[in-house]
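Let's walk through this structure together, one neighbourhood at a time. Have the viewer open and follow along as we go.

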Amino acid sequence: MSATIGSSSSSAQKEMVCHCQLPVRICTSKTKEHPGKKFRVCPNSLKPGKKCKYWEWDKELVQQSLDAEIVAIKEDVSDLKKEVLELKKKKRGHRVHISCNLL
């Protein structure tokens, strides 16, 4: 599993401990299946030879990430709607005249 280790500013998350009684780490998945998804893990689980198997998806952080993505997508859709309206306005102002001469 590939992960980026980070810290959290939430006091509730700082108080969480694993089976070793160590503060859990917040990591970010870099896998194809779960890119950017946050999870909690024992700091020892990242070291070879350690036995702690504490690991879980961080549902709260995952939801925050999804909410941020939804906001960004809504902003993109809004921008695209504005662009379409501008293009429609420009289209109305342009007229094409085609003439054909038949012999």
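A good place to begin is the largest nonpolar core, which has 5 residues: Cys18, Val24, Cys42, Cys52 and Tyr54. Keep in mind throughout that what you are looking at is a predicted model. If you select Tyr54 and set aside its neighbours within four places in sequence, you will find contacts with Met16, Cys18, His19, Val24, Arg40, Val41, Cys42 and Ser45. Three of those partners, Cys18, Val24 and Cys42, are listed in the core along with Tyr54.

With several cysteines in that list, a natural thing to ask is how many disulfides a search of the whole structure finds. The search returns 0 disulfides. As a reminder, a disulfide is a covalent bond between the sulfur atoms of two cysteines. Two other cysteines are worth a look for their surroundings. Cys20 is partly exposed, because its relative accessibility of 34% falls between the 20% and 50% limits. Cys27, by contrast, counts as buried, because its relative accessibility is 0%.

Now step back to the overall layout. The protein contains 2 helices and 4 strands, and reading along the sequence gives the pattern β-α-β-β-β-α. Of the 103 residues in the protein, 18% are buried. If you like contact maps, here is a number to go with yours: among contacts between residues at least 6 apart in sequence, 33% join residues at least 24 apart.

Next, let's see how the strands are put together. Strand 2, residues 25-29, pairs with strand 3 in the antiparallel sense over 4 bridges. One end of that pairing can be found at Arg25, whose bridge partner in strand 3 is Val41. Strand 3 also pairs with strand 4, again in the antiparallel sense, here over 3 bridges. On that side, Arg40 has Glu56 of strand 4 as its bridge partner. Strand 2 is mostly covered, with 4 of its 5 residues buried. Thr28 lies in this strand, and it counts as buried because its relative accessible area of 17% is under the 20% limit. In a regular strand the side chains alternate between the two faces of the sheet.

That brings us to the aromatic rings. A search of the whole structure finds 3 aromatic pairs. Phe39 and Trp55 form one that is tilted, with 5.6 Å centre to centre and 35 degrees between the planes. Phe39 lies in strand 3 (residues 38-41) and Trp55 in strand 4 (residues 55-57), so this pair ties together parts that are 16 residues apart in sequence. Phe39 also pairs with Trp57, in an edge-to-face arrangement with 6.0 Å centre to centre and 90 degrees between the planes. This second pair links distant parts of the chain as well, with Phe39 in strand 3, Trp57 in strand 4 and 18 residues separating them. Taken together, Phe39, Trp55 and Trp57 form one aromatic cluster.

How buried or exposed are the three members? Phe39 counts as buried, because its relative accessibility is 1%. Trp55 is partly exposed, with a relative accessible area of 33%, and Trp57 also counts as partly exposed, at 23% relative accessibility. Trp57 has a charged neighbour too: the charged end of Lys37 sits over its ring, 4.1 Å from the centre.

Finally, use Phe39 as a reference point and look outwards. Thr28 and Phe39 are 11 residues apart along the chain, and their C-alpha atoms are separated by 6.3 Å. In the other direction along the sequence, Glu60 lies in helix 2, residues 59-93. Glu60 and Phe39 are 21 residues apart in sequence, with a C-alpha to C-alpha distance of 9.8 Å. Glu60 itself is partly exposed, with a relative accessible area of 45%.

Methods:
Residues numbered from 1 in each chain as written. Predicted model: local features only at pLDDT ≥ 70, side-chain atom pairs only at ≥ 80, totals over all residues. Heavy atoms only, no water. Phe/Tyr/Trp six-rings, centres within 6.5 Å; stacked < 30°, edge-to-face > 60°. Buried < 20%, exposed > 50% of the residue type's maximum accessible area, 1.4 Å probe, protein only. Lys NZ or Arg CZ within 6 Å of the ring centre and 35° of its normal. Disulfide = S-S within 2.5 Å. Pairing = 2+ DSSP bridges. Core = buried A, V, L, I, M, F, W, Y, C linked by side-chain atoms within 4.5 Å. Contact = heavy atoms within 4.5 Å.
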